[in-house]
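Visitor: I have a model open and would like to learn how to read a few of its features. Could you walk me through them?

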Amino acid sequence: MRFILKTHYQQDIDVFKHNGQRFWFGLLALLVIVAPLFIDTFYLGELSLVYIYAIAGIGLMLLVGHTGLVSLGHAAFLAIGAYAHAWFIGKGWPLPLSILLAGLLSAAAGAMVGRPTLRMTGIYLAIATLAFAHIVEQIIAHWEPVTGGFRGQLVPDAVFMGFDLSRGIPFYYLCLFVVVLCLLAALNLLRSPTGRSMVAIRDSEISAQSMGIDLARTKTIAFAVSAGFTGVAGALFAHKLGYLAPDAFTMLTSIQLLLMVVVGGLGSMHGVFYGAIFIVVLPQFIAIMRDTLPTAIGQLPGLEPGLFGLILVLFLIFEPLGIYGRWLKVKQFFDEFPLYRKATHKRQKSYLRTERLR
Amino acid sequence: MSALLSAKNLSLSFGGVHAVRDISFDVEQGEVFSIIGPNGAGKTSIFNLISRLYNADSGDIVFAGESIISQPAHRIASLGIARTFQNTELFEHETVLNNMLIGRHVHRCSNLFSELLFLHSVRKQELEFRRIVEDVIDLLDLQSHRNQVIGSLPYGVRKMVEVARALCIQPKLLLLDEPSSGLNPEETEDVSFWIEDISRDYGATIIMVEHDMNLVSRSSDRVLAIADGAFVALGTPSEIQNHPDVQRAYLGD
Ligand SMILES: Nc1ncnc2c1ncn2[C@@H]1O[C@H](COP(=O)(O)OP(=O)(O)OP(=O)(O)O)[C@@H](O)[C@H]1O
Ligand SMILES: [Mg+2]
């Protein structure tokens, strides 16, 4: 068994709770920093993509996993971030400012969606966000002077202080840097009053209200923050794609993002990263499968979204706490070695409530 | 001295059910005021009216000289009214500590941006919050459950955590909805002790809904009896226990 002796409140507040954590995360940090020396360009690109999805995932996790609000329209925020960023750097604005503005613009859009949908929960909210995403898709397709319409547009290079950061190793480090910043910001939020009030709303709205939490305000903030992070991810995603067209931000993308947070494990920032790896690896896996399966099944047009949906449902039913939840159980088994009981996790249930009647 | 809280001619109905009919009462600063009545009498409804979860059909509620009848529900806590729920409404997936920290929500000074950056002021505020929370933990003997998740706690402890969370608001008025329901006799015994502690150490006025007449007579200064949403009697515990109308309300005619 492991016991952690706490001697000061700071230990409750700090991001790393004990030296063991410091060691493992330090090692991980070292690994991802030296990664470009060891892995080839393709895999480095995939790893950059993991970081980009993780940034969007951080945003979506705060909304779905921590506030308990479902969004089926986060591709829209990814798109807003991507197009805004492309526009800003096209106008010659500095890279960091452009990424920040892309995030802020997306956050503003998030607040706009958050506001009217406050009274909705569960399936109704999911549909409203879906509708919003559709509207954004249409705007992108038809606002040609800015977005390039259906033809799309080339994304200008990300040049910062004379360096081109838009591909390869420099792009990898850019993504790594941004994902670390976003993660820290999210963790900060979660150990502050606003983060706690989001979680309170997820667990009991009535009780949250009676503790002085303004539901409307907190939900709007949750939407805005969530959209903001996703917008920043969109800015980086634009460079990853190189060419922006509406078909990169469809409902499938939204489902993919939702899949990421559910599979990773709702309510945990670790889960975001497991989920991000999962959705980057999954399409590769599906591609390999297509080749090996008989043509009739392998070439089925709806195979990808179908599989996404299936995996989503399976996780919700059998492992609602996702990969991270599974990991926690394994860890707990070793931490409490002789004492672990199978029933320890009997009570766990999903955070995703389709309906809350009170 | 004027009353801390006064309910004036409160009425509330759900469709055909009159949950509260023309109820009026005053609660003085510093007293322990109990509301009793048979099941479905409308006791919880009165609490829900005070915490603004329900809208009254008519009547007024004045707290500390101000009408709160049209305040939004989330403003009530910051005015200094905290409550517990009959069947506990805790944040299930969070630890006892985090549940109690929510109680400090109304006292926060940080904003979104300082929190995203976790500025020094936010860290200081967190430490301050924890000091206050720790005092409450000491008062209610919750040390051993501090870092446990609510979902894993027995019912009796959850009830205590809910009281603790409400106390973290440092309220002027504390509403306790059946604090002893679901507790064993020993725990019920304890309830009267901590009620005494709370009203002494925190100077909080307490309104309590309770079925256990022993606890009521031991702890409360005055008792309001209601039945079918309507006023029956108001007086000291012994007056109420021997009141013919109260006995009739409980036993039926
Ligand atoms: N939200 C609601 N919708 C419809 N009817 C309600 C609602 N809340 C309360 N009632 C009704 O109002 C009446 C009073 O309910 P209330 O919960 O206030 O009783 P109570 O005195 O707290 O009873 P108990 O001792 O069982 O807790 C009951 O008849 C109940 O069915
Ligand atoms: Mg009741």
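Visitor: Let me start with B:Asp228: is it buried or exposed?

Guide: Keep in mind that this is a predicted model. For accessibility, the general idea is that a residue is called exposed when its relative accessible area is over 50%. B:Asp228 has a relative accessible area of 57%, so it is exposed.

Visitor: Where does B:Asp228 sit in the fold?

Guide: You will find B:Asp228 in the loop that joins strand E9 (222–227) and strand E10 (230–235) of chain B. Have a look at its backbone too: phi of B:Asp228 is near 50 degrees, a positive value in a residue other than glycine.

Visitor: B:Asn9 also caught my eye. What is its phi?

Guide: Phi of B:Asn9 is near 50 degrees, again positive in a residue other than glycine. B:Asn9 belongs to strand E1 (residues 5–14) of chain B. Its relative accessibility is 41%, so B:Asn9 counts as partly exposed.

Visitor: Now the metal. Which protein atoms are the donors of the magnesium ion (ligand 2)?

Guide: Look for N, O or S atoms within 2.8 Å of the metal, and remember that water is not among the atoms, so a site may look incomplete. Here the protein donors are OG1 of B:Thr44 and OE1 of B:Gln86, lying 1.9 to 2.1 Å from the magnesium ion.

Visitor: Which parts of chain B does this pair tie together?

Guide: B:Thr44 comes from helix H1 (residues 43–50) of chain B, while B:Gln86 comes from the loop between strand E6 (81–83) and helix H3 (96–102) of chain B, so the pair links parts that are 42 residues apart in sequence. As for accessibility, B:Thr44 is partly exposed at 25% relative accessible area, and B:Gln86 is partly exposed at 26%.

Visitor: How do I read the packing of helix H12 and helix H13 in chain A?

Guide: Start with the angle between the two axes; those that are neither roughly parallel, roughly antiparallel nor roughly perpendicular count as oblique. The axes of H12(A) (residues 251–264) and H13(A) (residues 269–292) come within 7 Å and cross at roughly 125 degrees, which makes H12(A) oblique to H13(A). The crossing of H12(A) past H13(A) is right-handed.

Visitor: Which residues make that contact?

Guide: On the H12(A) side they are A:Gln256, A:Leu259, A:Met260, A:Val263 and A:Gly264, and on the H13(A) side they include A:Tyr274, A:Phe278, A:Ile279 and A:Leu282. Sorted by class, the contact of H12(A) with H13(A) has ten nonpolar, four polar and no charged residues.

Visitor: And at what angle do H13(A) and helix H15 of chain A pack?

Guide: H13(A) and H15(A) (residues 303–318) pack at an angle of about 130 degrees, with axes 11 Å apart, which makes H13(A) oblique to H15(A). H13(A) passes H15(A) in a right-handed crossing. From H13(A), the contact uses A:Phe278, A:Leu282, A:Ile286, A:Met289 and A:Arg290; from H15(A), it uses A:Leu303, A:Glu304, A:Leu307, A:Phe308 and A:Ile311. The contact of H13(A) with H15(A) has eight nonpolar, no polar and two charged residues.

Visitor: How are H8(A) and H11(A) oriented to each other, parallel or antiparallel?

Guide: An angle over 145 degrees counts as roughly antiparallel. H8(A) and H11(A) (residues 215–241) pack at about 175 degrees, with their axes 11 Å apart; they are therefore roughly antiparallel. Among the contact residues are A:Phe171, A:Leu174 and A:Cys175 of H8(A), together with A:Val225, A:Phe229 and A:Lys240 of H11(A). Their contact divides into twelve nonpolar residues, one polar and one charged.

Visitor: Where is A:Val180 placed?

Guide: A:Val180 is in H8(A), which covers residues 168–190. With a relative accessible area of 42%, A:Val180 is partly exposed. The C-alpha atoms of A:Val180 and A:Ala29 are separated by 9.8 Å, although these residues are 151 residues apart along the chain.

Visitor: One last residue: is B:Ile76 buried or exposed?

Guide: Buried means under 20% relative accessible area. B:Ile76, in helix H2 (residues 73–79) of chain B, has 2% relative accessibility and so counts as buried. Leaving out residues up to four places away in sequence, B:Ile76 touches B:Ile50, B:Ser51, B:Arg52, B:Ile68, B:Gln71 and B:Ile81.

Conventions
Residues numbered from 1 in each chain as written. Chains lettered and ligands numbered in written order. Predicted model: local features only at pLDDT ≥ 70, side-chain atom pairs only at ≥ 80, totals over all residues. Heavy atoms only, no water. Donors = N, O, S within 2.8 Å, 3.2 Å for Na, K, Ca; no water. Helix = DSSP H or I, 4+ residues; strand = E, 2+ residues; numbered from the N terminus. Buried < 20%, exposed > 50% of the residue type's maximum accessible area, 1.4 Å probe, protein only. Axes fitted to C-alpha atoms, helices over the stretch in contact; angles between N-to-C directions. Parallel < 35°, antiparallel > 145°, perpendicular 65-115°, else oblique. Left-handed = near helix turned anticlockwise from the far one by under 90°. Contact = heavy atoms within 4.5 Å. Nonpolar A, V, L, I, M, F, W, Y, C, P; charged D, E, K, R; others polar.
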